[in-house]
Every structure is written in C-alpha cells, then in structure tokens.
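Trainee: Could you take me through one part of this model up close? I'd like to hear about the aromatic rings and the charged side chains around them.

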Amino acid sequence: MEEFHIGRLIQAELKAQGRTVIWFAKRIHCDRTNAYKIFNNSHIDSELLFRISHVLGHNFMMDCARYFDRISQPSLAPKTESVDM
C-alpha cells in the first residue's frame, strides 16, 4: 500500500505557492520549528489541518478523502468464476 504523508503534501503546496516557512508559521500561529515538525509528520490533528487548508487555500481534507477512497475501493477487475462441467 502506498504511503500518504500529509506533512509532505503541505510542504509541497507551500513551496508551489512560493511562500516561506516563516510566513506559514505566522499564519497558523506557531513558530518555525513547529512548522517543520508538521512537514515531517505523516499524520495531523484535523483542526490544525482545517486551519492549514484555510491559510493555504487548499483542501487537504479532500486530499485525505481521495487517498482513502483509492485504497479502500476493491479492484475494478471483473471476478473470474470457475464453472464445473
């Protein structure tokens, strides 16, 4: 199963927007050290994720839902049934 790492997604979005870690930390009311801890975590509190989504204008909760849907759906390949003759 593939790994879902929310911290890396947040860091990538921050970089894509050309924002600094200091800018990000100020917007979510933490220091720069804690921002780096967020980037290194593969999990995050939902309230904090909501705040980060709002600050960056990106719905990370939807990213989590898409990942869940992808790993929880059974294979779409048709099942082969054996026929006794």
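Mentor: Here is a walk through the rings first, then the charges, then a few leftovers.

Keep in mind that this is a predicted model. For orientation, the protein chain has 5 helices and 0 strands, so to speak a plain α-α-α-α-α run from the N terminus on. Of its 85 residues, 26% are buried. Take the contacts between residues at least 6 apart in sequence: 62% of them join residues at least 24 apart.

Now the rings. The structure holds 3 aromatic pairs. One of them is F4 with Y67, a stacked pair with 4.8 Å centre to centre and 25° between the planes. F4 sits in the segment before α1, while Y67 belongs to helix α5 (residues 60-72), so this pair ties together parts that are 63 residues apart in sequence. Y67 counts as buried, because its relative accessibility is 12% and the cut-off for buried is under 20%.

Another pair is F24 with F39. Their ring centres are 5.6 Å apart and their planes meet at 25°, so this pair is stacked. It links distant parts of the chain too: F24 is in helix α2 (residues 21-27) and F39 is in helix α3 (residues 32-40), 15 residues apart. How buried are these two? F24 has a relative accessible area of 0%, so it is buried, and F39 is buried as well, at 3%. Y36 joins in here, as ring pairs link F24, Y36 and F39 into a cluster.

One more ring has a charged visitor. R19 lies over the face of W23, at 4.2 Å from the ring centre.

That brings us to the charges. Side chains of opposite charge can pair when their charged atoms come close. How many salt bridges does that give here? The count comes to 1 salt bridge. The partners are D63 and R66, with their closest N and O atoms 3.2 Å apart. Both lie in helix α5, 3 residues apart, which is about one turn of the helix. D63 has a relative accessible area of 16%, so it is buried.

Now set E13 beside that. E13 is found in helix α1 (residues 6-16), and it is buried yet has no salt bridge. Why not? The nearest side chain of opposite charge is R19, 8.2 Å away, and a salt bridge needs the nitrogen within 4 Å of the carboxyl oxygen, so R19 does not qualify. What does E13 touch instead? Leaving out residues up to four places away in sequence, E13 touches L56, H58 and F60. You have met R19 already, as the side chain over the face of W23.

Two leftovers before you go back to the picture. For the cysteines, the count comes to 0 disulfides. C30 counts as partly exposed, at 23% relative accessibility, and C64 is partly exposed too, at 26%.

The other leftover is a backbone angle. Most residues other than glycine have a negative phi. H29, though, has a positive phi of about 60° although it is not a glycine. You'll find H29 in the loop between α2 and α3. With a relative accessible area of 68%, H29 is exposed.

Notes: Residues are numbered from 1 along each chain as its sequence is written. This is a predicted model: local features need pLDDT of at least 70, side-chain atom pairs count only at pLDDT 80 or more; totals for chains, interfaces and linings use all residues. Side-chain values use heavy atoms; hydrogens and water are left out. Helices (H or I, at least four residues) and strands (E, at least two) are DSSP runs, numbered from the N terminus. Buried means under 20% relative accessible area, exposed over 50%, partly exposed in between (1.4 Å probe, protein chains only). Lys and Arg count as positive and Asp and Glu as negative; His and the chain ends are not counted. Contact means heavy atoms within 4.5 Å. Rings of Phe, Tyr and Trp (its six-membered ring) pair if their centres lie within 6.5 Å; planes under 30 degrees apart count as stacked, over 60 as edge-to-face and the rest as tilted. A charge sits over a ring if NZ of Lys or CZ of Arg is within 6 Å of the ring centre and within 35 degrees of the ring normal. A disulfide is a pair of cysteine sulfur atoms within 2.5 Å.
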